[in-house]
Amino acid sequence: MNKIMKKVCIVGGIGSGKSYICNLFADRGIPIFYFDDEAKKLYNNKDVVEKLLVTFKDEFTELEYDSSKIIKTLSKFIFKNSSKRKQLELLLKPYLWKSFDDACFQHKDKKIFIWLCIKPF
């Protein structure tokens, strides 16, 4: 019999209990995909970093390939400027969905797969 994986998205604002709910599922062996964690990993991806440096060239004073420096620089303007935040989301979206698809494939034997994000893409 062919199993169909059910994908469940947990969405909510900061402090709404998303992580708590996901931990309950994880304790039962259900895999969880954390979009925030995956986004942070992307700042170590050379292709992503180069696109960030081109897209936000006015914001980076030097070439930065250290993910913690990149996150620090991005945080200085991303939360203040909605159009730049949107640019960042558009830049990261294809990489995040690729990671999500890879994770789904990795857990294809599971009946359910939970993904967590602050807001849906």
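Does Y20 count as buried or exposed, and at what relative accessibility? Let's start there and then look at several close-ups of this predicted model.

**View 1. Y20 and its nonpolar neighbours on the surface.** Y20 counts as exposed because its relative accessibility is 56%, and the cut-off for that class is over 50%. You will find Y20 in helix 1, which covers residues 18-26. Together with I21 and L24, Y20 makes a nonpolar surface patch of about 280 Å².

**View 2. The K41–E38 salt bridge in helix 2.** The structure holds four salt bridges, and here is one of them, with the closest N and O atoms of K41 and E38 3.0 Å apart. Side chains of opposite charge can pair when their charged atoms come close. K41 and E38 are three residues apart in helix 2 (residues 35-42), so about one helical turn separates them. Take a look at how E38 sits: with 15% relative accessibility, E38 counts as buried.

**View 3. The K51–D47 salt bridge in helix 3.** In this pair, the closest N and O atoms are 3.9 Å apart. K51 and D47 lie four residues apart in helix 3 (residues 46-55), which means a separation of about one helical turn. K51 is partly exposed, at a relative accessible area of 38%. D47 is partly exposed too, at 36%.

**View 4. The K98–D102 salt bridge in helix 5.** The side chains of K98 and D102 meet with an N to O distance of 2.9 Å. Both residues belong to helix 5 (residues 82-106), where they are four residues apart, about one turn of the helix. K98 has a relative accessible area of 48% and is therefore partly exposed; D102, with 40%, is also partly exposed.

**View 5. Inside the largest nonpolar core.** This core has 26 residues, and L52, F56, L74, L88 and L92 are the ones that touch the most other members. At least two residues of the core come from each of helix 2, helix 3, helix 4 (67-77), helix 5 and strand 3 (112-117). Helix 5 gives the most, with eight residues.

**View 6. L74 and its contacts, with a second core apart.** If we leave aside neighbours within four places in sequence, L74 is in contact with Y43, L52, F56, F60 and L88. Apart from the largest core lies another one, of six residues, including I10, I30, I32 and I114.

Methods:
Residues are numbered from 1 along each chain as its sequence is written. This is a predicted model: local features need pLDDT of at least 70, side-chain atom pairs count only at pLDDT 80 or more; totals for chains, interfaces and linings use all residues. Side-chain values use heavy atoms; hydrogens and water are left out. Patches are made of residues with over 30% relative accessible area and no salt bridge: like charges are joined within 9 Å, nonpolar side chains (Val, Leu, Ile, Met, Phe, Trp, Tyr) within 5 Å. Accessible areas come from the Shrake-Rupley method with a 1.4 Å probe; for residues, only the protein chains shown count as cover. Buried means under 20% relative accessible area, exposed over 50%, partly exposed in between (1.4 Å probe, protein chains only). A nonpolar core is a set of buried Ala, Val, Leu, Ile, Met, Phe, Trp, Tyr and Cys residues joined through side-chain atoms within 4.5 Å. Contact means heavy atoms within 4.5 Å.
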